[in-house]
Amino acid sequence: MTTPPPQGQNPYAQGQQPSGPPQGGAPYAPVAGQPGVPQQPYPPHAPGTPIPPAAPSGGGNKKVLRIVALIVVAIALYGVKWYLGQSDAETTNVGSCMHNDGSTSAPDLKTVDCSSGDSQYKVIEKFDGTSDVDKCNAVKGTEVSYYQTGGSHDVVLCLKQS
């Protein structure tokens, strides 16, 4: 059995700390690295108060997912707007039939069934990415040239009456 240390002494102390101001009258200031002085700073809360909970992790992942989802939705909306904004002249194919809902000075071509009574023209050639109607001069059977510029792209249709 061991004997307890005398009262007021620390049995675990590694050295003696000065018990008063050092010579010269200046107050004692502990320096890190000296025996009895903590090496780590004290916690940022007062003793006896509860430690605040840590911030939840994973919140950044949700924010990134939301941003990515918004970008995907924006691209999808743009694609739908582009698709719905295309005219029949842009989406038609050679062999399709068209009906002019407009006038000769402001045509508005719509794709129709070739067997219907609304069919006025048949597409015999289509040139994408150009507005040069002179290309239809070289296409045999062309009676009417139609061009459309702007929108999503330029297109020239070489038509014959059906």
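The points below describe the sheet, one residue in its first-numbered strand, and the nonpolar cores of a predicted model.

1. The five strands of this predicted model form an open sheet, in which the order is β2-β1-β3-β5-β4 and the pairing is antiparallel. At the edges stand β2, residues 109-112, and β4, residues 144-148, each of which pairs on one side only. From one strand to the next, the twist averages 40°.

2. Within this sheet, strand β1, which covers residues 97-100, pairs with strand β3, residues 121-128, over two bridges in the antiparallel sense. Methionine 98 has tyrosine 121 of β3 as its bridge partner, and both Met98 and Tyr121 also belong to the largest nonpolar core.

3. Is histidine 99, a residue of strand β1, buried or exposed? Histidine 99 counts as buried because its relative accessibility is 18%, and the cut-off for buried is under 20%. Its side chain makes a polar contact of 3.2 Å with the side chain of aspartate 101. When neighbours within four places in sequence are left aside, the residues in contact with histidine 99 are Asp108, Leu109, Lys110, Val112, Asp118 and Gln120.

4. The largest nonpolar core has nine residues, namely Ala89, Met98, Leu109, Tyr121, Val123, Tyr146, Val155, Leu157 and Leu159. Two or more residues come from each of β3 and β5, the latter spanning 155-161, and β5 gives the most, with three residues. Apart from this core lies another, of five residues, including Ile124, Cys136, Val139 and Val156.

5. Valine 155, a member of the largest core, touches Ala89 and Tyr146 among others, and its contacts also include Glu90, Lys126, Phe127 and Gln148, not counting residues up to four places away in sequence.

Technical notes
Residues are numbered from 1 along each chain as its sequence is written. This is a predicted model: local features need pLDDT of at least 70, side-chain atom pairs count only at pLDDT 80 or more; totals for chains, interfaces and linings use all residues. Side-chain values use heavy atoms; hydrogens and water are left out. Two strands pair if DSSP finds at least two bridges between them. Helices (H or I, at least four residues) and strands (E, at least two) are DSSP runs, numbered from the N terminus. Axes are lines fitted to C-alpha atoms, for helices over the stretch in contact, and angles run from 0 to 180 degrees between N-to-C directions. Buried means under 20% relative accessible area, exposed over 50%, partly exposed in between (1.4 Å probe, protein chains only). A polar contact is a pair of N or O atoms within 3.5 Å; within protein, one must be able to donate a hydrogen and the other to accept it, and residues adjacent in sequence count only if both atoms are side-chain atoms. Contact means heavy atoms within 4.5 Å. A nonpolar core is a set of buried Ala, Val, Leu, Ile, Met, Phe, Trp, Tyr and Cys residues joined through side-chain atoms within 4.5 Å.
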